[in-house]
Amino acid sequence: MTAKPQLAGIAWIGDGEPMTTVEECRLVMEQLGLSQAAAAKEVGISPTALSQWLAGKYPGDAPAVEAQVGRWLQTRREAARREALPPGLDAWRDLEASAEVLAVLAHAHAAAELAIVGGPRGCGKTRALRRYGATRSGVVQVAMSPAVTTLAGCLRRVAGALGWRGRGASALDMEDAAIERLTGRGALLAVDEADHLGPRLLDELRCLAGKAGCGLALVGADHGRLPFDVQARSVRAIQARAGLRLAMTAPSKADAAAFAAGVLGRRPTAGEAKAVAAAAAGPRGLFGARDALARAWLLARHDGRDAIAAEDLAAASREIAA
């Protein structure tokens with residue numbers, strides 16, 4: 001009989017004697033380390049209602065609460081199955097591309113200069129940025145998005161990352177607050193998804209970092225726009241002041257193989273390296289390689305094995321390519 005895989009954070013529920021919804025709820029809360037308040041928030045009811053229902057003393061519509069808890073448990077089961085990932089899949093790896101990004105960030109940080117890092121999705125920009133922030137002091141990480149279209153929105157993200165919680169303030173107030181918190185601390189303002197920002201907002205970040213005397217790193221995808229668009233005058237000014245610019249490319253075969261080795265626990269065979277490199281060469285980059293390794297792991301676990309074999313990775317790569 002094929003062994004069932006151990007799921008991340010939660011054991012298989014339902015083996016042996018059937019459990020009541022209350023018993024299952026208590027077990028899941030215990031396994032996941034959830035307080036009643038945290039569980040109630042996920043379920044969508046008040047902590048008091050959950051506490052009373054668990055004790056069998058809920059004065060309202062108890063079947064309705066049980067149904068809602070049941071839906072939450074089903075959602076948790078499905079999430080646990082999706083989280084059955086191979087050990088080390090998302091662990092940090094020292095890749096060639098990552099080393100380049102770390103070096104650029106370190107220069108911008110130490111020299112209080114502007115650095116621009118751009119490249120396609122899945123080439124390792126964000127992972128390297130997060131790694132740098134986790135291993136250095138004075139790094140303020142901000143992620144932008146398409147919703148950030150105004151000076152106030154941009155500055156709210158920056159000031160919020162610096163711990164500012166003012167309400168109803170003007171863009172000027174938020175700029176002042178950000179400059180005050182960045183000045184004199186040897187900081188690096190690292191802005192991810194910078195390609196979502198227009199020239200005016202990028203120029204504001206340049207000015208802000210200049211006034212604070214801190215480093216600034218603009219990291220984003222190269223869509224033929226920022227940070228490599230040279231049409232706008234303000235963007236040309238930003239590029240002219242950049243101490244370093246790094247234009248990344250799709251993951252190399254060596255980086256794809258190193259990525260796979262961290263999951264396989266060994267150097268990949270020629271066939272495995274070829275399969276992972278093919279997945280990483282797609283539009284998702286290293287995300288594609290991650291998908292291939294995750295699927296290969298599920299195939300191995302389905303057969304009751306604790307290690308990925310070459311045939312698992314080949315089959316997973318074919319599924320992704322199909």
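Start by selecting Asp306: this residue is exposed, with a relative accessible area of 61%. Keep in mind as you click around that the model is predicted.

Now add Arg301 to the selection. Arg301 and Asp306 form a salt bridge, and their closest N and O atoms sit 2.6 Å apart. Is Arg301 buried or exposed? At 11% relative accessibility, Arg301 counts as buried. So this pair joins a buried arginine to an exposed aspartate, with under 20% and over 50% relative accessible area as the respective cut-offs.

While you're in that stretch of sequence, pick Asp303, Arg305 and Asp312 together. These three are linked in a network of salt bridges.

Next, go to Asp291 and Arg284. Their side chains meet in a salt bridge, 3.0 Å from N to O. Here both partners fall in the middle class: Asp291 is partly exposed, with a relative accessible area of 23%, and Arg284 is partly exposed too, at 32%.

One more pair to select is Arg77 with Glu24. The side chains meet in a salt bridge at 2.6 Å, N to O. Why is this one worth showing with its helices? Arg77 lies in helix H4 (residues 62-82) and Glu24 in helix H1 (residues 21-32), so the pair ties together parts that are 53 residues apart in sequence. Glu24 is buried, with a relative accessible area of 9%, whereas Arg77 is partly exposed at 23%. If you'd like the full tally, the count comes to 11 salt bridges. As a general point, side chains of opposite charge can pair when their charged atoms come close.

Zoom out for a moment and colour by secondary structure. You should find 14 helices and 5 strands in the chain. Of its 322 residues, 43% are buried. The chain exposes about 16400 Å², and carbon and sulfur atoms supply 52% of that. Among contacts with a separation of 6 or more, 66% are between residues 24 or more positions apart.

Now for the inside. Select Leu189, Val191 and Leu205, the residues with the most contacts inside the largest nonpolar core, which has 33 residues. To see what builds this core, show strands S1 (114-119), S2 (139-143), S3 (188-192) and S4 (215-221) plus helices H7 (151-161), H8 (171-182) and H9 (199-212); each supplies at least two of its residues. Which element gives the largest share? That's H9, with 6 residues.

Stay on Val191 and display its surroundings. Leaving out residues up to four places away in sequence, Val191 touches Val142, Met144, Leu197, Leu205, Leu216, Ala217, Leu218 and Val219.

Then light up helix H7. Its buried residues are Leu151, Gly153, Cys154, Leu155, Val158 and Ala159. What do they pack against? Turn on S2, H8, S3 and H9, and you have the partners of those buried H7 residues. An α-helix has 3.6 residues a turn, so residues three or four places apart point the same way. Just past the helix, click Gly163: this glycine follows H7 and has a positive phi, near 90°.

Last stop: go back to the largest nonpolar core, the one with 33 residues. Apart from it lies another core, of 22 residues, so select Leu264, Val276, Leu286 and Leu293, which are among them.

Notes. Residues numbered from 1 in each chain as written. Predicted model: local features only at pLDDT ≥ 70, side-chain atom pairs only at ≥ 80, totals over all residues. Heavy atoms only, no water. Helix = DSSP H or I, 4+ residues; strand = E, 2+ residues; numbered from the N terminus. Buried < 20%, exposed > 50% of the residue type's maximum accessible area, 1.4 Å probe, protein only. Contact = heavy atoms within 4.5 Å. Areas by Shrake-Rupley, 256 points an atom, 1.4 Å probe, with all protein chains shown as cover. Core = buried A, V, L, I, M, F, W, Y, C linked by side-chain atoms within 4.5 Å. Salt bridge = Lys/Arg side-chain N within 4 Å of Asp/Glu carboxyl O.
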